[in-house]
Amino acid sequence: MSSATGAPAQADGAQPEPAHGWRLFFIWLVLSVAAVLVIWFVWKPHVPPGDMSSSAQHQQFDITVLAAVAAPVIIGVLLYFIYAIVVWRARPGDDSDGAPIYGNTKVQATWIIGTSAIVLFLAVFGTVELIGPAGAGAGEGPSPVWKLAGTHATTWTPGGNDILEVQVIAQQWVFTYRYPQFGGMESVQLMLPVDTRVEFHVTSLDVIHSFWAYQLGVKADANPLVDNVAYTMTKQLGSVTVRCNELCGIWHGAMFNYGTVESQAAFGAWASATQARERASGLLAALPPYARTYDPTVIPQLGSNMIRVIGVTGAPGFYYPPTDPVQP
Ligand SMILES: [Cu+2]
């Protein structure tokens with residue numbers, strides 16, 4: 001006869017109960033260490049959204065830490081189930097009950113201390129991660145509590161430590177980007193320099209949208225008459241997919257475009273050339289002055305400033321005039 005815990009000593013010369021607790025502990029320890037190592041060194045590099053920016057890296061780090069904390073708990077629960085089924089199952093012909101249990105101080109203390117430690121750690125970890133990376137790429141509203149470390153300047157030059165300000169303008173159903181440090185010039189693709197702190201100012205010309213630069217780990221609401229600030233720091237070269245992440249009308253699903261994180265020198269050259277081209281073509285002068293928000297009701301009255309187009313989506317509307325294709 002055997003029972004889960006506290007089996008009475010057998011008077012008939014049966015084997016003494018093995019130390020189930022220590023057995024379980026050592027099996028759990030080996031499996032947990034292995035799982036955490038696999039999670040950290042094998043899985044982490046593949047965790048979305050990747051590691052192209054500081055906010056993406058923090059999201060990847062946070063998800064991996066949560067998985068590494070959860071794995072030993074899941075392993076503990078499953079291991080106990082399996083161990084109980086294998087070791088403590090009723091043997092053929094054994095119809096007796098197990099020994100009654102009236103509480104177990106060790107198990108209760110371990111449970112309370114273990115769960116308290118995990119919950120307190122997660123509370124501290126979550127708070128630090130929320131504050132540390134300046135909002136981790138989420139929209140912060142017009143007056144962010146946690147500001148990005150870096151210097152604001154009216155111009156941006158390669159090799160400096162200036163914050164690059166990029167305005168994201170959403171409208172049904174396109175994104176347009178404006179660069180106030182380059183005369184407010186606009187682009188239909190999100191071009192960014194690497195190793196640069198970026199301050200996004202996200203707004204909308206019509207309905208609610210959401211700016212989601214997947215590989216950058218940045219997602220921020222784009223609302224009319226709201227200047228929503230989101231931060232990140234680019235860390236790697238590569239391409240970025242930008243999607244609208246708020247149902248904004250019938251062609252919401254077609255509202256996406258692309259971006260590139262390139263070297264600071266290449267970005268500087270591209271931005272200067274684009275600014276010069278838009279100035280020469282009269283586009284810069286025709287655009288509304290750079291502002292943090294634009295009154296949607298005045299867009300149609302801007303007349304020649306905005307062009308009325310039947311877009312590829314078939315939607316008539318007043319759009320930012322398209323620039324030339326982006327030259328890398
Ligand atoms: Cu949208």
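Strands here are DSSP runs of E with at least two residues, numbered from the N terminus. Welcome to a short tour of close-up views, all drawn from a predicted model.

**View 1. A cis peptide bond sits just before Trp173.** Trp173 belongs to the loop between β1 and β2 (174–179). The bond that leads into Trp173 from Gln172 is cis, and its omega is near 0°. Most residues other than glycine have a negative phi, and most peptide bonds are trans.

**View 2. Pro48 and Pro49 are joined by a cis peptide bond.** Here omega is near 5°. If you are following the chain, look for Pro49 in the loop between α1 and α2 (54–87).

**View 3. Four side chains hold the copper ion.** The donors are ND1 of His209, SG of Cys244, SG of Cys248 and SD of Met255, at 2.0 to 2.5 Å. Angles between these four donor atoms at the copper ion run from 91 to 127°, so the arrangement is tetrahedral; the criterion is that all angles lie between 85 and 135 degrees. Along the sequence, the spacing of the donor residues reads H-x34-C-x3-C-x6-M. Because His209 is in strand β6 (residues 209–213) and Met255 is in the loop between β9 (238–244) and β10 (256–262), the pair ties together parts 46 residues apart in sequence. His209 is buried, at 0% relative accessible area, and Met255 is buried too, at 1%.

**View 4. Tyr179 is among the residues with the most contacts in the largest nonpolar core.** This core has 38 residues, and Leu190, Phe200 and Phe211 join Tyr179 at the top of its contact list. Strand β1 (residues 164–171) supplies the largest share, four residues. Leaving aside residues up to four places away in sequence, Tyr179 touches, among others, Leu164, Val166, Met185, Leu190, Phe267 and Trp270.

**View 5. Ser32 is a buried residue of helix α1 (residues 20–43).** Its relative accessible area is 4%, and the cut-off for buried is under 20%. Beyond residues up to four places away in sequence, Ser32 touches Pro72 and Ile75. Ile75 also belongs to another core, of five residues, which lies apart from the largest one and includes Ala35, Ile39 and Ala71.

**View 6. Asp195 and Leu225 each have a positive phi.** For Asp195, in the loop between β4 (190–193) and β5 (197–204), phi is near 55°. Asp195 is partly exposed, with 45% relative accessible area. For Leu225, in the loop between β7 (218–222) and β8 (228–233), phi is near 65°. Leu225 counts as exposed, at 52%.

Notes. Residues numbered from 1 in each chain as written. Predicted model: local features only at pLDDT ≥ 70, side-chain atom pairs only at ≥ 80, totals over all residues. Heavy atoms only, no water. Donors = N, O, S within 2.8 Å, 3.2 Å for Na, K, Ca; no water. Tetrahedral: all angles 85-135°; square planar, octahedral: opposite > 155°, others 65-115°. Buried < 20%, exposed > 50% of the residue type's maximum accessible area, 1.4 Å probe, protein only. Core = buried A, V, L, I, M, F, W, Y, C linked by side-chain atoms within 4.5 Å. Contact = heavy atoms within 4.5 Å.
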